[in-house]
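Thank you all for making time this morning. I would like to walk you through one chain, beginning with a single residue and working outwards from there, so please keep the sequence and the model open while I talk.

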Amino acid sequence: HLYQVAKGLRFRSLVYRMQNLSEIENMTVGGIGGLVEVSIMQSTNYWKNAKQQGLPFTLDPRVTYRGYVSNCVNFVSCTVWQFGVNGVIKKSITGGKIRKLSAGEEIFAAVGAGATSAILCSPLELIMIQQQRKGGSFMSAISGINSKGMSMWRRGFLMTAGREGVYTGGYLGVTPVIRSGIQEAFPDWNEEICRLLGSIAGGLFACYLSHPADTIKTCIQGDIEGSRFSTHLGTAKVLFEQGGIFAFYRGAPW
């Protein structure tokens with residue numbers, strides 16, 4: 001899960017400052033970080049999606065960078081949303097006061113920010129995945145989706161909300177709890193080391209817990225014709241028949 005761990009490390013390097021920033025500052029920081037991340041990690045995103053759908057592996061950047069613009073728009077807008085909404089929820093919990101949030105408060109804010117971001121990232125990932133499978137431009141992918149009916153834009157939404165809720169809850173909620181536990185257990189350790197270890201542990205937890213939902217979502221969005229994957233439950237059944245529980249973790253290392 002190189003792609004998601006990289007995202008989480010970036011999140012945790014910045015998020016501890018969020019309570020001292022305005023919503024606009026939170027959104028700006030998140031947006032810039034998202035753009036840099038996509039530019040570096042686009043190929044790993046393609047390899048993950050390809051493995052989940054059973055597509056062949058390739059190193060050709062003309063293929064691995066398909067959907068790059070879609071992914072940039074996706075990550076910038078969704079990271080902005082998650083940073084902004086997470087900050088709003090936290091400030092509403094604390095009443096604007098600077099204080100340490102409880103573990104439950106941290107996780108609640110993070111899950112809320114992640115799940116609601118599906119409003120943006122689900123349709124944008126649908127565009128990206130269609131480009132990765134079929135090639136073509138951003139606008140041609142939109143036209144192809146529209147040709148199947150407007151209901152196609154809801155395809156994979158529930159799994160996207162679930163994935164982002166779990167994933168963001170892990171990185172922005174569980175990670176600080178783990179970091180605090182490490183600091184309490186090893187008070188002499190450097191704060192940055194504790195933050196790094198907490199980010200890695202929380203990242204792996206969030207990535208693997210959310211990966212089954214991501215696999216179902218990717219398969220559904222890649223097959224808008226519904227030839228193999230028509231519904232969430234039907235997709236889960238097909239995947240399980242293909243490879244048991246391990247089928248839901250295809251592409252996980254990426």
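Let me begin with Ser 70, which sits in helix 4, the helix that runs over residues 68-94. Please bear in mind throughout that this is a predicted model, and that what I quote is computed from it.

Is Ser 70 buried or exposed? Its relative accessibility is 0%, and therefore Ser 70 counts as buried. If we set aside the neighbours within four places in sequence, the residues in contact with Ser 70 are Leu 124, Ile 127, Met 128, Gln 131 and Phe 138. One of these deserves a second look, since the side chains of Ser 70 and Gln 131 are joined by a polar contact of 2.3 Å.

Gln 131 itself belongs to helix 6, and with a relative accessibility of 6% Gln 131 also counts as buried. Again leaving out the neighbours within four places in sequence, Gln 131 is in contact with Arg 66, Gly 67, Ser 70, Gly 136, Ser 137, Phe 138 and Ala 141.

From Ser 70 I can also lead you to the cysteines, because the question of disulfides may well come up. The C-alpha atoms of Ser 70 and Cys 121 are separated by 9.9 Å, although the two residues are 51 residues apart along the chain. Cys 121 is buried, at 1% relative accessibility, and Cys 72 counts as buried too, at 11%. How many disulfides does the structure hold? The number is zero. For Cys 121, the closest cysteine sulfur is that of Cys 78, at 4.0 Å, which is too far for a bond, given that a disulfide requires the two sulfur atoms to be within 2.5 Å.

Let me turn now to helix 5, residues 103-116, where we can check the geometry against expectation. At 1.5 Å a residue, its 14 residues should span 20 Å, and the end C-alpha atoms are 20 Å apart, so the two agree. Within helix 5, the buried residues are Glu 106, Ala 109, Ala 110, Ala 113 and Gly 114. Seen down the axis, the buried residues of helix 5 fall within an arc of 125°, and so they line one face of the helix. What does that set of buried residues pack against? The partners are helix 4, helix 6 (118-134) and helix 8 (157-185).

Helix 8 brings us to Leu 172, which is placed there and which, at 0% relative accessibility, counts as buried. The C-alpha atoms of Leu 172 and Gly 114 are separated by 9.3 Å, with their positions 58 residues apart along the chain.

Further along, helix 9 covers residues 191-222 and has a kink of about 45° at His 211, shortly before the proline Pro 212. At the start of helix 9, a side-chain oxygen of Asn 190 comes to within 2.7 Å of the backbone nitrogen of Glu 192.

Finally, let me step back to the whole chain. There are 10 helices and zero strands, and of the 254 residues, 50% are buried. If we consider contacts between residues at least 6 apart in sequence, 78% of them join residues at least 24 apart. The pair we began with, Ser 70 in helix 4 and Gln 131 in helix 6, is one place where you can look at such a contact for yourselves.

Note on methods: Residues numbered from 1 in each chain as written. Predicted model: local features only at pLDDT ≥ 70, side-chain atom pairs only at ≥ 80, totals over all residues. Heavy atoms only, no water. Helix = DSSP H or I, 4+ residues; strand = E, 2+ residues; numbered from the N terminus. Buried < 20%, exposed > 50% of the residue type's maximum accessible area, 1.4 Å probe, protein only. Contact = heavy atoms within 4.5 Å. Expected span 1.5 Å × (residues − 1). Arc of directions from axis to C-beta. Bend = angle between axes of the 7 residues up to and from the residue. Polar contact = N/O pair within 3.5 Å; in protein donor to acceptor, adjacent residues only side chain to side chain.
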